[in-house]
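Work through the exercises below with the sequence and the structure at hand. Each task is followed by a solution in steps.

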Amino acid sequence: MSKAAPDTANHADFVHLRVHSAYSLAEGALRIPQLVELCRDRAMPAVAITDTGNLFGALEFSLAAAKAGIQPIVGCQLALAREANADASGNGNGGGHNVEGDQLVLLAQSEAGYLNLLDIVSRSYVEMGDDARPMVELADLGGRTDGLIALSGGVAGLPGRLLAEGQADAAEKALLRLAGLFPGRFYVELQRHGLEAEERLEPAFLDLAYANDLPLVATNEAFFAEAEMYEAHDALLCISQSAYVSQSERRRVTAEHRLKSAAEMRALFADLPEAIDNTLVIARRCSFMPTEARPMLPPFPTGDGASEDDALRAEAEAGLNARLEMHVFTADMDAGAREAAAEPYIERLKFELETIVNMGYSGYFLIVSDFIKWSKANDIAVGPGRGSGAGSVVAWALTITDLDPLRFGLFFERFLNPERVSMPDFDIDFCQERRDEVIGYVREKYGDDRVAQIITFGKLQARAVVRDVGRVLEMPYGQVDRIAKLVPNNPANPVTLAEAIEGEAQLQAMRDEDENVAHLLDVALKLEGLYRNSSTHAAGVVIGDKPLSETIPLYRDPRSSTLATQFSMKYVEAAGLVKFDFLGLKTLDVLQKAVELVALRGIDIDLGALPLDDGKTFEMLARGDTTGVFQCESSGVRDVLRKLGPDRFEDIIAVVALYRPGPMDNIPSYIARKHGREEVDYLHDVLEGCLKETYGIPIYQEQVMQMAQELAGYTLGGADLLRRAMGKKIKAEMDAQQE
């Protein structure tokens with residue numbers, strides 16, 4: 001038997017190896033920051049998360065634990081498919097499996113083990129059947145177990161189920177089969193949560209372990225932190241099962257399924273100290289943790305063997321020449337005038353190309369340009385570009401965007417700044433109906449196994465959690481509805497339930513007068529913010545330089561055939577994958593359909609060549625006739641347009657930028673200054689150049705950058721750092737920039 005003399009001088013002498021974080025969706029109630037903080041406070045040297053069937057939180061947990069000085073152990077509680085047409089030992093030819101599964105817990109011991117775990121968990125989703133529950137076939141584990149430590153799963157594991165069914169011989173065969181798959185790395189798991197089955201089967205587990213010289217390990221399956229959380233966690237299980245708390249026939253856990261202290265576990269297994277000691281042995285054997293990685297772009301096939309840098313330069317220069325001919329040069333320009341008009345564009349292109357090449361992002365621009373050109377060639381409507389990417393002349397030259405950055409005073413440094421190294425990120429709109437075709441093209445070009453959408457997690461938000469808890473507690477619908485409606489519902493600025501209670505006297509009164517309402521709110525407060533489900537991000541797609549399951553775990557939504565990542569956006573990028581945004585925009589479908597309809601009357605319209613000074617269009621806008629006009633449809637914007645009377649394209653840009661919380665306070669001044677009813681104030685004479693277009697009111701981030709440049713001699717790169725600190729309200733950075 002494996003034993004260890006515990007070193008208790010500096011840390012606790014027990015390690016939790018069976019923890020369900022909040023990523024065990026609607027089952028685990030331990031948020032990762034909370035788990036890490038608890039382990040640190042209890043001087044636990046290591047901790048493992050073994051979420052149910054997934055690795056959603058693996059990287060987030062690993063980074064958070066390591067930062068706190070705790071050794072992270074990445075694991076997973078898998079569902080092992082029960083083989084049909086086989087004897088109980090699992091020998092035989094499987095012919096599919098039922099919807100139930102036996103538990104098997106795998107812990108990554110090394111990098112090889114982590115990669116095998118990624119593969120196993122990814123396959124459980126990618127290859128899952130119509131029952132939509134991720135499962136692992138025992139036969140499929142062969143050849144994928146190196147670097148993995150396995151725990152038998154206790155009474156819920158395969159040997160445990162067979163023992164419970166009275167099949168002792170079959171249980172022993174199954175145990176030895178598992179031990180053979182994980183030679184020297186298989187532990188017989190004992191748990192004491194006060195369940196009858198655990199107490200009844202423990203002697204048989206001990207006999208099997210000792211008879212076959214297999215080590216024991218004591219675990220406590222933790223779903224929540226403290227016993228006080230038990231009742232709220234029980235409500236969470238009811239939410240996930242669409243059950244009521246009062247129902248007897250439903251899944252339950254006990255108050256013992258909490259994150260117990262090392263002392264509690266030592267006392268609980270005082271008769272089997274070796275089983276506790278082996279938690280430390282396992283922790284010492286697990287020496288790998290996933291870490292952040294540098295961005296990895298797939299190689300872009302240039303065709304003629306040219307480097308990506310050379311290919312980018314050639315395409316950008318040719319593209320700029322075409323853009324200048326179409327949009328900048330006029331028929332009456334002589335050679336000198338053309339040269340003068342082209343010079344600022346050529347200089348800007350050289351600067352941008354140098355920056356892009358030096359930062360190693362040539363491939364990124366080529367990849368984005370390629371799928372946009374393919375879309376346009378296949379009559380799939382693509383937006384003209386928005387966000388900071390519209391400030392790039394290279395992007396304009398490559399037809400990634402259709403806006404002339406110099407014409408609109410846009411800065412490249414807002415998009416790519418050598419003084420703030422970060423991945424470029426184009427926000428690209430495609431027509432909603434045909435967006436999937438573009439993703440399909442990318443999958444075909446780079447490989448199905450290298451392209452995936454990005455997972456997102458739905459949370460129990462303030463108003464929804466009140467309704468959910470009220471339902472499982474069987475409170476009257478009308479009463480719960482009244483309580484829920486007292487919680488403000490503003491997606492743009494969501495409030496927590498605690499903030500809603502603090503700010504609403506009626507809620508406080510209902511809570512103080514009715515103990516059922518008080519109970520509802522108490523449970524809801526404990527569950528608010530926990531993850532309840534998963535779905536795919538509306539736009540994000542990653543493209544890898546190798547099969548994605550070699551870098552991250554993959555997920556498949558049972559309602560979709562498209563693969564997704566198991567890590568959310570933030571941690572996909574931390575893992576080194578590069579995100580591309582494929583946004584679906586219905587407005588583009590409407591525009592495309594309008595072009596097709598007028599074409600039936602013999603009128604051909606090129607949306608990219610529409611004049612920006614059309615008088616009738618401005619008359620329509622000034623009347624507020626903007627139903628169907630993107631970002632100008634709301635009653636508030638229509639009212640502003642009527643008061644403003646826009647007569648130039650810059651007015652439309654200003655209205656869209658101003659009509660949001662905060663900046664909208666400047667709308668009356670903008671209108672008054674435009675019509676001469678209020679004096680234009682530039683704050684300082686040197687700022688007239690950058691604020692003249694907006695009547696002295698700073699509206700755009702580019703203006704902030706220009707102001708910093710004019711007033712304080714910032715470079716545009718340095719000004720971008722200031723702009724970012726302002727936009728993200730980073731006070732420490734603002735203080736550092738003040739001088």
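**Exercise 1. Classify the two partners of a salt bridge in helix α10.**

Task: In this predicted model, decide whether Asp310 is buried, partly exposed or exposed, and describe its pairing with Arg313.

Solution.
Step 1. Asp310 has a relative accessible area of 45%. Buried means under 20% and exposed means over 50%, so Asp310 is partly exposed.
Step 2. Arg313 has a relative accessible area of 32%, and therefore it is partly exposed as well.
Step 3. Side chains of opposite charge can pair when their charged atoms come close. The closest N and O atoms of Arg313 and Asp310 are 3.7 Å apart. The cut-off for a salt bridge is 4 Å, so this pair counts as one.
Step 4. Both residues belong to helix α10, which covers residues 308-328. They are three residues apart, about one turn of the helix.

**Exercise 2. Repeat the analysis for helix α6.**

Task: What is the N to O distance between Arg200 and Glu196, and how many residues apart are they?

Solution.
Step 1. The side chains of Arg200 and Glu196 form a salt bridge with an N to O distance of 2.7 Å.
Step 2. Helix α6 (residues 196-211) holds both partners. They lie four residues apart, about one turn of the helix.
Step 3. Glu196 has a relative accessible area of 51%, so it falls in the exposed class. Arg200, at 45%, is partly exposed.

**Exercise 3. Examine a salt bridge that links two helices.**

Task: Which helices hold Asp481 and Arg467, and what surrounds helix α16?

Solution.
Step 1. The side chains of Asp481 and Arg467 meet in a salt bridge of 2.8 Å, N to O.
Step 2. Asp481 lies in helix α16 (residues 477-485), while Arg467 lies in helix α15 (residues 462-472). The pair therefore ties together parts that are 14 residues apart in sequence.
Step 3. Asp481 is buried, with a relative accessible area of 14%. Arg467 is partly exposed, at 27%.
Step 4. Salt bridges can also share partners: Arg82, Asp102, Arg161 and Glu165 are joined in this way into one network. The count for salt bridges comes to 48.
Step 5. Returning to helix α16, its buried residues are Gln479, Val480, Asp481, Ile483 and Ala484. These buried residues pack against α15, α18 (505-513) and α19 (515-527).

**Exercise 4. Place strand β2 among its neighbours.**

Task: Is strand β2 largely enclosed or open, and which strands pair with it?

Solution.
Step 1. Strand β2 spans residues 46-52, and six of its seven residues are buried. It is therefore largely enclosed by the rest of the structure.
Step 2. Strand β1 (residues 16-19) pairs with β2 in the parallel sense, over two bridges. Val19 has Ile49 of β2 as its bridge partner.
Step 3. Strand β3 (residues 71-83) also pairs with β2 in the parallel sense, over seven bridges. Here Thr50 stands opposite Gly75 of β3.
Step 4. Helix α1 (residues 32-41) joins the picture: together, β1, α1 and β2 make a right-handed β-α-β unit.
Step 5. For a closer look at the strands, recall a general rule. In a regular strand the side chains alternate between the two faces of the sheet.

**Exercise 5. Count the disulfides.**

Task: How many disulfides are there, and how far is the sulfur of Cys286 from that of Cys76?

Solution.
Step 1. The count of disulfides is zero.
Step 2. Cys76 is in no disulfide, and the nearest cysteine sulfur, that of Cys286, is 14 Å away. A disulfide requires sulfur atoms within 2.5 Å, so this pair does not qualify.
Step 3. Cys286 is in no disulfide either; its nearest cysteine sulfur is that of Cys76.
Step 4. Cys76 is buried, with a relative accessible area of 0%. Cys286 also counts as buried, at 3%.

**Exercise 6. Describe the whole chain.**

Task: What are the overall figures for the chain?

Solution.
Step 1. The chain has 29 helices and 13 strands.
Step 2. Its C-alpha trace spans about 95 × 70 × 60 Å along the principal axes.
Step 3. Of its 739 residues, 50% count as buried. The accessible surface comes to about 33,500 Å², and carbon and sulfur atoms account for 50% of this area.
Step 4. Among contacts with a separation of 6 or more, 75% are between residues 24 or more positions apart.

Terms used. Residues numbered from 1 in each chain as written. Predicted model: local features only at pLDDT ≥ 70, side-chain atom pairs only at ≥ 80, totals over all residues. Heavy atoms only, no water. Buried < 20%, exposed > 50% of the residue type's maximum accessible area, 1.4 Å probe, protein only. Pairing = 2+ DSSP bridges. Right-handed = clockwise from strand over helix to strand, strands pointing away. Contact = heavy atoms within 4.5 Å. Areas by Shrake-Rupley, 256 points an atom, 1.4 Å probe, with all protein chains shown as cover.
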